[in-house]
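Me: I have a model open and a list of labels that go with it. Before I use them, I would like to hear what each label rests on.

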Amino acid sequence: MVTVLSLNKVHLHKSDIQYPTSNISMHLPIFYLINFSIILSVLIFLIKYLWDMFFGENYEPPAWEHARKEGRITSELLKASRNYPDKIRLYNFWLQIQRINKDKVKGDFAELGVYKGDSALLIHLMDPDRTFHLFDTFEGFAGKDLQPETGKAATYSTKNFADTSLNKVLKNIGGNPDMLKVHSGYFPQSTVGLEEISYALVNMDADLYNPTKAGLEYFYPRLSAGGVIFIHDYNDKWEGLVKAVDEFAATIPEKLILVPDLDSTVMFVKNQ
Ligand SMILES: C[S@@+](CC[C@H](N)C(=O)[O-])C[C@H]1O[C@@H](n2cnc3c(N)ncnc32)[C@H](O)[C@@H]1O
């Protein structure tokens with residue numbers, strides 16, 4: 001501190017005076033802010049934990065819970081299931097695959113509409129020994145499929161779902177590459193040469209009228225008795241898809257079952 005002496009008096013320049021409390025008061029708001037953030041984070045964590053506990057995030061169907069406790073769910077599937085947001089969709093896939101295996105339903109698995117492979121990953125991990133056919137352009141929607149769409153689907157473009165690639169998908173799915181058969185390109189042209197295959201499970205997730213109609217026409221006659229077809233997004237956002245499903249459902253004896261998952265999957269099991 002600099003002091004200036006004059007006539008026995010000590011003169012202090014204003015700028016030389018240090019107020020001992022000024023530092024504390026400067027730090028106080030930061031201190032409170034940190035405390036407040038910690039308390040808020042703990043509160044948010046607690047509320048989320050309680051919410052999940054009571055509203056289903058931690059819900060497991062008893063069959064899955066038993067299988068998990070008995071070590072029949074692989075660590076890869078457990079990890080994928082924890083990261084997957086739509087638990088009802090996930091458990092629905094799993095329960096159907098359990099049934100298909102128990103009933104020894106013959107046939108391959110297929111997915112139409114793979115995008116980055118998130119649902120394909122689950123299905124593959126649930127039965128890695130099944131041949132699994134993956135159908136997608138891997139470049140997003142085709143312009144000719146978008147053109148007749150109405151409603152919300154009409155606002156989509158060829159850019160939607162284009163941010164993927166076959167390599168990304170195969171990397172995401174990993175698993176047993178020998179069992180994955182990729183049919184890259186426009187569906188149904190990508191089915192040429194695949195007339196003799198039979199299917200036990202098909203997950204259709206192509207959103208639009210054309211591929212959904214073509215998918216049902218291709219897969220249904222090749223679906224084994226006891227085999228299942230899921231059609232994702234049977235909701236009013238996708239008018240064309242709903243129309244394609246309803247038109248086709250009117251021509252088959254099986255009844256559609258609505259699944260209470262996040263995007264309203266509809267499914268049916270082929271009669272014996
Ligand atoms: C909603 S994404 C699939 C999402 C994926 N099943 C999932 O759950 O992560 C729809 C996909 O259908 C594909 N698709 C739509 N029409 C198609 C067609 N005619 N031929 C091939 N793929 C098509 C798109 O390329 C897009 O990747």
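What follows is a set of questions on a predicted model, each answered from its values.

Me: Why is Thr164 called buried?

Reply: Buried means under 20% relative accessible area. Thr164 has 10% relative accessibility, so Thr164 counts as buried. Thr164 sits in the loop between helix 6 (143–146) and helix 7 (166–173).

Me: What makes the approach of Thr164 to Tyr115 a polar contact?

Reply: A polar contact needs a pair of N or O atoms within 3.5 Å. The side chain of Thr164 comes to 3.0 Å from the backbone oxygen of Tyr115, so the distance is within the cut-off of 3.5 Å.

Me: Is Asp236 buried or exposed, and how do you know?

Reply: Exposed means over 50% relative accessible area. Asp236 has 69%, and is therefore exposed. Asp236 belongs to the loop between strand 7 (223–231) and helix 9 (239–249).

Me: What about Asp233: buried or exposed?

Reply: Asp233 also lies in the loop between strand 7 and helix 9. Its relative accessibility is 7%, so Asp233 counts as buried. Asp233 has a phi near 70 degrees, a positive value in a residue other than glycine.

Me: Why is Ser264 called partly exposed?

Reply: The label covers what lies between under 20% and over 50%. Ser264 is at 23% relative accessibility, and therefore counts as partly exposed. Ser264 is placed in the loop between strand 8 (257–258) and strand 9 (266–269). Phi of Ser264 is positive, near 60 degrees, and the residue is not glycine. The C-alpha atoms of Ser264 and Asp236 are 9.8 Å apart, with their positions 28 residues apart along the chain.

Me: Which label does Lys213 get, and why?

Reply: Lys213 is in helix 8. At 32% relative accessibility, Lys213 counts as partly exposed, because the value falls between the buried and exposed cut-offs. The side chain of Lys213 makes a polar contact with the side chain of Glu217 at 2.9 Å. Lys213 and Val245 are 32 residues apart along the chain, and their C-alpha atoms are separated by 7.0 Å.

Me: What makes helix 8 mostly covered?

Reply: Helix 8 spans residues 209–219, and eight of its eleven residues are buried. Among them are Tyr209, Pro211, Leu216 and Phe219.

Me: How do you know that the length of helix 4 agrees with what is expected?

Reply: The expected span is 1.5 Å times one less than the number of residues. Helix 4 (residues 87–102) has 16 residues, so the expected span is 22 Å; the end C-alpha atoms are 22 Å apart, which agrees. Buried residues of helix 4 include Arg89, Tyr91, Phe93 and Trp94. Just after the helix, Lys104 has a positive phi of about 55 degrees.

Me: What makes Arg89, Ser119 and Thr137 polar partners of the ligand?

Reply: The cut-off is 3.5 Å between N or O atoms. An N or O atom in the side chain of Arg89 is 3.2 Å from a ligand oxygen. For Ser119, a polar side-chain atom lies 2.9 Å from an oxygen atom of the ligand. For Thr137, a backbone N or O atom lies 3.2 Å from a nitrogen atom of the ligand. Each distance is therefore within 3.5 Å.

Me: Which residues are closest to the ligand?

Reply: Of the 20 residues that surround the ligand, the closest are Gly113, Asp136, Asp145, Phe187 and Asp205. The peptide bond from Phe187 to Pro188 is cis, with omega near 20 degrees. Pro188 is in the loop between strand 5 (180–184) and strand 6 (199–204).

Me: How is empty space found, and what is the volume of the largest pocket?

Reply: Rolling a probe the size of a water molecule over the atoms shows where empty space is left. The largest pocket has a volume of about 710 Å³. It is lined by 36 residues, and Gly113, Tyr115, Phe161, Asp205 and Asp207 are the closest to its centre. The lining holds 17 nonpolar, eight polar and eleven charged residues. Helix 5 (118–126) and strand 4 (132–136) each give at least two residues to this lining.

Me: Why is Ile252 called buried?

Reply: Ile252 has a relative accessible area of 11%, and is therefore buried, the cut-off being under 20%. Ile252 lies in the loop between helix 9 and strand 8. From C-alpha to C-alpha, Ile252 and Lys270 are 9.5 Å apart in space, and 18 residues apart in sequence.

Terms used
Residues are numbered from 1 along each chain as its sequence is written. This is a predicted model: local features need pLDDT of at least 70, side-chain atom pairs count only at pLDDT 80 or more; totals for chains, interfaces and linings use all residues. Side-chain values use heavy atoms; hydrogens and water are left out. On a 1 Å grid over the protein atoms alone, a cavity is a set of points where a 1.4 Å probe fits but cannot get out, and a pocket is an open set with protein on both sides within 12 Å along at least five of seven lines; lining residues have an atom within 4 Å of a point. Grid points are joined across faces, edges and corners, and a volume is the space filled by probe spheres set on the points. Helices (H or I, at least four residues) and strands (E, at least two) are DSSP runs, numbered from the N terminus. Ala, Val, Leu, Ile, Met, Phe, Trp, Tyr, Cys and Pro count as nonpolar, Asp, Glu, Lys and Arg as charged, and the others, Gly among them, as polar. Buried means under 20% relative accessible area, exposed over 50%, partly exposed in between (1.4 Å probe, protein chains only). A residue is near a molecule or strand if one of its heavy atoms lies within 4 Å of it. A polar contact is a pair of N or O atoms within 3.5 Å; within protein, one must be able to donate a hydrogen and the other to accept it, and residues adjacent in sequence count only if both atoms are side-chain atoms.
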